[in-house]
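Hello,

Here is the structure I promised to pass on. Please open it first, then read my notes below with the view beside you.

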Number of protein chains: 2
Amino acid sequence: MSRWEPNARGRLAEAALALYGEQGFDRTTAAEIAARAGLTERTFYRHFADKREVLFHGTDMVRELLARAIADAPAGAAPMDAVGTAVEALGAVLQENPERVRLRDTVISANAELRERELTKLAGLATAMADALRGRGVPEPAASLAAETGIAVFRTAFAHWIREPHGPDLPGVVRASMDELGNAFARRTPA
Amino acid sequence: MSRWEPNARGRLAEAALALYGEQGFDRTTAAEIAARAGLTERTFYRHFADKREVLFHGTDMVRELLARAIADAPAGAAPMDAVGTAVEALGAVLQENPERVRLRDTVISANAELRERELTKLAGLATAMADALRGRGVPEPAASLAAETGIAVFRTAFAHWIREPHGPDLPGVVRASMDELGNAFARRTPA
């Protein structure tokens, strides 16, 4: 059937996000999403487990992107450099379609259950980066520390970028945030 | 009625945690918790909105503890020092009753919904620390960066402490983790 439904997944995702933005996540049904995309409800459920899943189906791709960026960092790169490269790469991917990313953030921010799910997703990204760092020989707890900190920096940079629609690009904000945190640690009283 | 129910809240919380540990969170009812505590179900609902709330009722206290620790840091303290003092203080409070903290962690780890709620709670703690830092005159995004990083360090330290029941105390693990992250940033390639 898929030859009659070119890019069904992408069309459904786009229709869902548009409807969530127009009428709210709670008030939107899978049938409406399918109708907007010119597809059947059955097709919707072939691609997504539920309407919530539409907002989070990119997680696997993001996890792989972060893991690959860390694995591909130069052999001698410090863990925080590898993590910095990875979260900047994530910023670059999101910067490719800022309107979609901002609309998705608006939908998620308006719904407590979606916000909790997003936090869980971000925690999973930290785990993936820690795994990739251990794959480079970084021991624990250094690997988890660097990975969790990378996500903390990304979260902060992302929130700043959302608040400043006419500010610098997301990868730049991520890089500046990582630098700023490095400076904050340099001003810390030595142990 | 409260004169006939001394420390009802504490008794309910203890009974709930014991039952969640013995038979699982999902299989435990408010009526069972009340019975175990020698109280009525009505009393349970006077103290807690639902059985989930029993696991998270300490959040307000923790939020205040972190905010106060940051407010009370010496006038010239660097933001990462203030945050370090705060998350160490949280570690010290949890270390006062490690068995209860470990049992609570076991219950939460076994349940996806509780894990999501815990992440939301931790995000709220970062927000409270950022507010307290801004109250000291730390500007954004430095305040949010330091606060989110403090929670990332605490999460990592806590996970390590949970895995090593015979290892060092939680405040010591938190302090060592903060030092280790400082070293990791020192090894980063300068911007």
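**Where the two chains meet**

The contact draws on 35 residues from chain B and 35 residues from chain A. Keep in mind that this is a predicted model.

Which elements of chain B should you look at here? Four helices each give two or more residues to the side that touches chain A: α6 (79-95), α8 (112-135), α9 (142-163) and α10 (170-186) of chain B. Start with α9(B). This helix gives the most to that side of chain B, with 13 residues.

Next, look at the kinds of residue. The side of chain B that touches chain A holds 17 nonpolar residues. Eight polar and 10 charged residues are also found on that side.

**How the copies are related**

In general, two copies of a chain are related by a rotation about an axis and a shift along it. What are the values here? Chain B is superposed on chain A by a rotation of 180°, with 0.0 Å of shift along the axis. The RMSD is 0.0 Å. The two copies are therefore related as by a two-fold rotation axis. The same surface serves both copies: 100% of the contact residues of chain B recur in chain A.

**Inside chain A**

Now hide chain B and look at chain A by itself. How many helices and strands does chain A have? There are nine helices and zero strands. Along the sequence the pattern reads α-α-α-α-α-α-α-α-α.

The C-alpha trace of chain A spans about 60 × 35 × 25 Å along its principal axes. Chain A has 191 residues, and buried residues make up 40% of them.

Contacts also link distant parts of the sequence. Take the contacts in chain A between residues at least 6 apart in sequence: 61% of these join residues at least 24 apart.

**Two domains**

The domain assignment of chain A gives domain 1 (2-51) and domain 2 (58-186). Taken over C-alpha atoms, the centres of these two domains of chain A are separated by 28 Å.

How many residues of each domain are in contact with the other? In chain A, four residues of domain 1 are in contact with seven residues of domain 2. On the domain 1 side of chain A, three of the residues that touch domain 2 are nonpolar and one is polar. No charged residues are found on that side of domain 1 of chain A.

Best wishes

Key: Residues are numbered from 1 along each chain as its sequence is written. Chains are lettered from A and ligands numbered from 1 in the order in which they are written. This is a predicted model: local features need pLDDT of at least 70, side-chain atom pairs count only at pLDDT 80 or more; totals for chains, interfaces and linings use all residues. Copies are superposed by least squares on the C-alpha atoms of residues with pLDDT of at least 70 in both. Two residues are in contact if their C-beta atoms, placed from the backbone, lie within 7 Å. Ala, Val, Leu, Ile, Met, Phe, Trp, Tyr, Cys and Pro count as nonpolar, Asp, Glu, Lys and Arg as charged, and the others, Gly among them, as polar. Domain bounds come from an automatic or database domain assignment. A residue is buried if 20 or more other C-beta atoms lie within 10 Å of its own, exposed if 12 or fewer, and partly exposed in between; C-beta atoms are placed from the backbone.
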